[in-house]
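The following paragraphs go through a protein structure, part by part. Please keep the sequence and the 3D view open while reading.

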Amino acid sequence: MCGIVGYIGRKKARSILIEGLKRLEYRGYDSAGVALLEGERIAITRAVGRIANLERVLADTESGATVGIAHTRWATHGRPSEANAHPHAALSGRIALVHNGIVENYRALRTYLQQHGVECTTETDTEVLAHLVGHFYNGSLEQAVRYALQEVQGTYGIAVLSADEPDRLIVARKGSPLIVGVGDGEYIVASDAAAIVEHTARVVYLSDGEIAVVGMDGFRTTTLEAVPVTKKLDDLEFTLEQIELGGHEHFMAKEIFEQPLSLANTLSGRINAREGTVHLGGIACESRTLARAKRIIFTAQGTAWHAGLVGEYLFEDVAKLPAETEFASEFRYRNPLIDDGTVIIAISQSGETADTLAAVREAKIKGALTLGVVNAVGSTIAREADAGVYLHCGPEIGVASTKAFMSQVAVLTMMAIELGRRRFLSGQDAWQLIQALDRIPEQVDRILAESDHIRSVVEKVIERENWLFLGRGYNYPIALEGALKLKEISYIHAEGMPAAEMKHGPIALINAGMPVVFIATRGQQYDKVLGNIEEVRSRGGRVIAVATEGDTEIDHLAEHVFRVPDVPEPLQPMVTVVPLQLLAYHAAVLRGCNVDKPRNLAKSVTVE
Ligand code: G6P
């Protein structure tokens with residue numbers, strides 16, 4: 001979603017800001033803009049569409065500015081247009097502001113401004129905020145921002161610039177991330193560390209309700225109420241190479257193919273295959289509470305929600321703990337019944353998804369232990385959860401989540417085994433699972449070698465606009481994930497569901513040639529899945545099966561088969577998801593879709 005970059009230092013700001021915006025492109029956006037302090041005035045340039053469009057407009061001019069702010073916008077209030085793009089100006093262009101989040105009471109604030117003779121000209125909530133800062137400006141930008149934010153209901157990450165105070169940027173956050181990168185005689189502020197890492201690895205994460213005044217030679221942080229706050233310097237965990245393509249055509253391909261490595265990183269230092277033990281340092285202090293829990297609620301959105309669903313099967317099967325999975329957007333508003341035996345596990349790659357964060361906060365208000373399964377180190381959910389486990393799978397840039405899903409499932413598997421050992425799982429059973437888990441990265445590598453075969457199958461069915469994905473047990477969430485992957489990047493309509501559910505309606509859709517993907521690996525419900533395959537075949541559907549290596553029975557039933565290694569059932573999601581990721585990827589490429597920047601989607605959904 002929207003991205004912020006700001007620079008103050010001794011170098012030319014314009015190219016740094018533009019490069020920073022490009023690093024945030026993966027988040028999704030529809031317009032972009034930049035405000036530069038050129039001598040005594042602020043020059044604002046905005047363009048609809050790609051950052052390349054903004055660069056084209058800027059190409060005619062030179063810039064000597066060493067201070068500026070920039071933004072990529074993902075429209076919420078008002079359509080994507082040059083006028084609605086950020087930065088927004090106030091006080092006849094003396095102030096410029098960029099904003100992520102939503103000012104919920106912007107209508108009331110707009111009326112208030114009108115009553116004070118200030119007219120807004122765009123449809124955005126952000127313009128209102130810019131004018132509000134202008135309205136309160138009386139010689140101190142910091143004070144004006146403070147007063148303005150005290151009037152705001154909603155969420156914000158902002159960066160503000162004043163032509164009358166050229167030696168500073170003001171940034172603030174509430175519910176939308178803001179990071180200050182501390183360089184040598186320069187500062188880069190951004191909503192996402194990807195825009196900072198090229199310049200410095202030393203960062204400060206602002207917390208909700210904090211304002212930072214960032215100057216050339218230092219910065220200070222206070223609360224909204226002007227109480228000074230001492231911030232700690234953190235180190236970024238990832239490097240520039242990790243957020244570059246490294247020879248792949250798309251980030252999604254890079255991330256699919258690096259799964260053997262990223263998964264190994266997730267497992268590293270946490271499982272001891274020789275001893276058959278798991279140690280998750282991040283939740284060690286809560287492991288007794290967790291083991292005594294009466295109920296686990298996984299909460300998440302999107303692909304992370306599918307990982308939660310796998311977690312539900314794992315926790316009930318391996319740890320013998322009642323578990324359920326709920327969309328964070330529902331959980332947060334339904335006044336959930338939580339007693340002190342309930343533990344909430346929030347799963348989020350970004351650690352910034354607005355609904356998932358709100359669910360964590362709701363659970364904390366109700367006194368539940370909250371755990372985070374998060375990738376982005378230092379993100380809001382990671383900091384607000386009582387304890388948690390990082391994925392350590394490296395930054396994920398492709399909008400369609402792949403390696404993060406793999407690592408989320410791996411973390412939940414490790415949690416289930418560790419928890420199981422504290423409850424009913426025997427040492428021998430745990431040992432076997434851990435042995436098998438340790439082999440998964442290498443087995444994923446073998447599946448990836450099937451990429452060309454999967455592509456050749458996709459070529460045969462690429463013209464079909466409706467697909468079904470069916471699975472049972474542990475592979476039901478994978479059916480959902482396979483369908484989501486396909487629809488989000490190739491725009492083919494796909495539905496995933498438990499295989500048995502097909503007979504309760506969706507079977508009516510099956511006609512000659514409709515592709516139906518079955519996850520039909522060997523396991524408790526294998527025979528039942530074969531029965532479902534027969535039902536599809538007899539109605540003319542084209543069956544594509546994900547099946548276990550060595551299974552020859554399936555060859556008689558399915559038109560195409562993608563093989564995966566034989567692994568214990570609780571670990572199957574980590575192998576069965578891989579061919580479906582490749583299937584979606586090849587489908588999107590074959591259809592000429594923008595794989596890494598699918599239409600209308602955002603990498604991190606930071607508004608409701
Ligand atoms: C967006 C992304 C998905 C992701 C979901 C949850 O919809 O496009 O790929 O699964 O948000 O994101 P999170 O960062 O919380 O895992």
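**Cysteines, enclosed residues and open spaces**

Cys120 is a buried residue, with a relative accessible area of 15%. The model is a predicted one, and in it there are zero disulfides. Why is Cys120 not in a bond with the cysteine sulfur closest to it? That sulfur belongs to Cys2 and lies 18 Å from the sulfur of Cys120, which is too far for a bond; a disulfide needs the two sulfur atoms within 2.5 Å. Another cysteine, Cys593, is also buried, at 15% relative accessibility.

Cys2 appears again in the lining of the second largest cavity. This cavity holds about 70 Å³ of space. Its lining includes three histidines, His77, His86 and His99, together with Arg73, Trp74 and Asp125. Thr76, Gly101, Thr124 and Thr126 are also among the lining residues. By class, the lining has two nonpolar, seven polar and two charged residues.

A helix comes next. Helix H5, residues 141–150, is largely enclosed by the rest of the structure, because seven of its ten residues are buried. The buried residues are Leu141, Glu142, Ala144, Val145, Arg146, Ala148 and Leu149. The list thus holds Glu142 and Arg146 as well as Leu141 and Leu149. What covers the buried residues of H5? The cover includes helix H4 (125–136) and several strands, among them E6 (95–100), E7 (156–162) and E8 (168–174). Strands E12 (210–215) and E13 (218–223) also take part in the cover.

Further along the chain, Gly183 sits in the loop between strand E9 (179–182) and strand E10 (187–190). Although placed in a loop, Gly183 counts as buried, at 16% relative accessibility. Leaving aside neighbours within four places in sequence, Gly183 is in contact with Thr200 and Arg202. Arg202 is 19 residues away from Gly183 along the chain, and the C-alpha atoms of the two are separated by 7.2 Å.

Two charged residues can be looked at in the same way. Lys403 is in helix H13, which covers residues 403–422. Is Lys403 buried or exposed? With 1% relative accessibility, Lys403 counts as buried, the cut-off being under 20%. The side chain of Lys403 makes a polar contact with the side chain of Glu258, at 2.5 Å. Leaving aside neighbours within four places in sequence, the contacts of Lys403 include Glu255, Glu258, Gln259 and Ser262. Cys393, Gly394, Pro395 and Glu396 are also in contact with Lys403. The other residue, Glu362, lies in helix H11. Glu362 counts as buried too, at 17% relative accessibility. Beyond neighbours within four places in sequence, Glu362 is in contact with Phe331, Arg332, Asn335 and Pro336.

Pro395, one of the contacts of Lys403, also leads to the largest pocket. Pro395 is among the lining residues that lie nearest the centre of this pocket, together with Phe238, Asn375, Ala376 and Val377. The pocket holds about 690 Å³ of space and is lined by 39 residues. Which helix gives the largest share of this lining? Helix H7, residues 259–267, does so, with three residues. By class, the lining has 16 nonpolar, twelve polar and eleven charged residues.

The second largest pocket has a volume of about 590 Å³. It is lined by 33 residues, and those nearest its centre are Gln301, Gly302, Thr303, Lys603 and Val605. The elements that give two or more residues to this lining are helix H9 (302–317), strand E20 (342–348), helix H11 (354–365) and helix H16 (476–490). Of these, H9 gives the most, with five residues. H11 is also the helix in which Glu362 lies. The lining of the second largest pocket has 14 nonpolar, 13 polar and six charged residues.

Finally, the cavities can be taken as a group. The structure holds four cavities of 30 Å³ or more. The largest cavity has a volume of about 100 Å³. Its lining is made up of 15 residues, of which Arg472, Asn475, Thr521, Gln525 and Glu569 lie nearest the centre. By class, this lining has five nonpolar, seven polar and three charged residues.

Conventions: Residues are numbered from 1 along each chain as its sequence is written. This is a predicted model: local features need pLDDT of at least 70, side-chain atom pairs count only at pLDDT 80 or more; totals for chains, interfaces and linings use all residues. Side-chain values use heavy atoms; hydrogens and water are left out. Buried means under 20% relative accessible area, exposed over 50%, partly exposed in between (1.4 Å probe, protein chains only). Helices (H or I, at least four residues) and strands (E, at least two) are DSSP runs, numbered from the N terminus. A polar contact is a pair of N or O atoms within 3.5 Å; within protein, one must be able to donate a hydrogen and the other to accept it, and residues adjacent in sequence count only if both atoms are side-chain atoms. Contact means heavy atoms within 4.5 Å. On a 1 Å grid over the protein atoms alone, a cavity is a set of points where a 1.4 Å probe fits but cannot get out, and a pocket is an open set with protein on both sides within 12 Å along at least five of seven lines; lining residues have an atom within 4 Å of a point. Grid points are joined across faces, edges and corners, and a volume is the space filled by probe spheres set on the points. Ala, Val, Leu, Ile, Met, Phe, Trp, Tyr, Cys and Pro count as nonpolar, Asp, Glu, Lys and Arg as charged, and the others, Gly among them, as polar.
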